[in-house]
Amino acid sequence: MQSLVLGDVYSVSVYLKILYFPSSFPHQMLCVGILVYFNPIPLFVTWKIGRDKRLRGCIGTFSAMNLHSGLREYTLTSALKDSRFPPMTRDELPRLFCSVSLLTNFEDVCDYLDWEVGVHGIRIEFINEKGSKRTATYLPEVAKEQGWDHIQTIDSLLRKGGYKAPITNEFRKTIKLTRYRSEKMTLSYAEYLAHRQHHHFQNGIGHPLPPYNHYS
């Protein structure tokens, strides 16, 4: 249960930094941060680990949620219940990076190629070989980070969504695709500790905090 407390505090700290330190971020990030504080919004929480920032967990929702409850739920879910990875452990903390992506500007498009790599996230809906409806998504940064073009991204997303049959161009044309954008902020664990320590001293306590005190 101790790790559950960390997840919430750690992700919320990303947002506190956006909301209260505007000089550190682009103006549009500050505006988005203030708006979603009051308005429900879809969001994803992504964890990466190590110098090469390997994916460690990523789960979110396309349903608009209150910021506090959304962060709490999906920070914990992505850290502990992503089926692709084992639950995070305390030993991993110093090497972690946490990102919060706020999803905006959803647009249904007629052509599955009508989106821009590195700009749009995409969500696809398709009928698999068993006749079941399936969905899958990649956030805007994924295709660019992997060096994929449009077709490679679509095909990878189909496989992610569980499609096992051969992928033809005719099948790609049956995909229902929604493109969207996101505002993303990332914080390393070291930055989190420094931010927390700063406010600890600012509040007049005046002595260092144990790095794992927030697990208690």
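**Entry 1: the β1–β2 hairpin**

I began at the hairpin of β1 and β2 in this predicted model, where four residues stand between the strands and Gly 50 takes a positive phi near 85°. I then followed the ladder away from the turn and found that β1 and β2 pair in the antiparallel sense over eight bridges. Two of the partners I wrote down by name: Ile 49 is bridged to Arg 54 of β2, and Trp 47 has Gly 57 as its bridge partner in β2.

**Entry 2: Lys 48**

Between those two bridged positions I stopped at Lys 48, which belongs to strand β1, residues 41-49. Is Lys 48 buried or exposed? I noted a relative accessible area of 17% for Lys 48, and because the cut-off for buried is under 20%, Lys 48 counts as buried. I looked next for a partner for its side chain and found a polar contact of 3.1 Å with the side chain of Glu 145. Setting aside residues up to four places away in sequence, I listed what Lys 48 touches: Lys 53, Arg 54, Leu 55, Arg 56, Arg 95, Leu 96, Phe 97 and Glu 145.

**Entry 3: the sheet**

I widened the view to the sheet, which is open, has six strands in the order β2-β1-β3-β6-β4-β5, and pairs them in the antiparallel sense. Which strands stand at the edges? They are β2 (54-65) and β5, and each has a single partner strand, so one side of each is left without a neighbour in the sheet. The twist that I read off averages 25° from one strand to the next. I also checked what covers the sheet at the β2 end, and noted that α3 lies across β1, β2 and β3, running at about 150° to β2.

**Entry 4: Pro 94**

From α3 (67-80) I moved on to the loop that leads to β3, where Pro 94 lies. Pro 94 has a relative accessible area of 47%, which means that it is partly exposed. I looked for a distant stretch of chain beside it and found Ala 190, 96 residues apart from Pro 94 along the chain, with 6.7 Å between the two C-alpha atoms.

**Entry 5: the chain as a whole**

For context I counted elements, and the chain has seven helices and six strands, following the pattern α-α-β-β-α-β-β-β-α-α-α-β-α along the sequence. Of its 216 residues, 46% count as buried. I also noted that, among contacts with a separation of 6 or more, 67% join residues 24 or more positions apart.

**Entry 6: the nonpolar cores**

I turned to the largest nonpolar core, which has 23 residues, and noted that Ile 124, Ile 154, Leu 158 and Leu 177 touch the most other members. The elements that give two or more residues to this core are β3 (96-109), β4 (121-127), β5 (133-138), α5 (150-160) and β6 (176-188). Comparing this with the domain assignment, I found that the core draws at least three residues from each of domain 1 (1-104 + 182-203) and domain 2 (113-174). Another core lies apart from it, with 20 residues that include Val 45, Met 65, Leu 67 and Leu 93. Such grouping fits a general tendency, since nonpolar side chains in soluble globular proteins tend to be buried together.

**Entry 7: helix α5**

I closed on α5, starting at its N-terminal end, which Asp 149 caps with a side-chain oxygen 3.2 Å from the backbone nitrogen of Ile 151. After α5 comes Gly 162, whose phi is positive, near 95°. The buried residues of α5 are Thr 153, Ile 154, Asp 155, Ser 156, Leu 157 and Leu 158, and I found them packing against β4, β5, α4 (140-146), α6 (169-172) and β6.

I took two of these residues in turn. Leu 158 touches Ile 124, Phe 126, Tyr 163, Ile 167, Phe 171 and Ile 175, not counting residues up to four places away in sequence. Asp 155 is buried, with a relative accessible area of 19%, and under the same exclusion of residues up to four places away in sequence it touches Ile 167 and Arg 172. What joins the side chains of Asp 155 and Arg 172? I found a polar contact of 2.8 Å between them.

Terms used
Residues are numbered from 1 along each chain as its sequence is written. This is a predicted model: local features need pLDDT of at least 70, side-chain atom pairs count only at pLDDT 80 or more; totals for chains, interfaces and linings use all residues. Side-chain values use heavy atoms; hydrogens and water are left out. Buried means under 20% relative accessible area, exposed over 50%, partly exposed in between (1.4 Å probe, protein chains only). A polar contact is a pair of N or O atoms within 3.5 Å; within protein, one must be able to donate a hydrogen and the other to accept it, and residues adjacent in sequence count only if both atoms are side-chain atoms. Contact means heavy atoms within 4.5 Å. A nonpolar core is a set of buried Ala, Val, Leu, Ile, Met, Phe, Trp, Tyr and Cys residues joined through side-chain atoms within 4.5 Å. Domain bounds come from an automatic or database domain assignment. Two strands pair if DSSP finds at least two bridges between them. Axes are lines fitted to C-alpha atoms, for helices over the stretch in contact, and angles run from 0 to 180 degrees between N-to-C directions.
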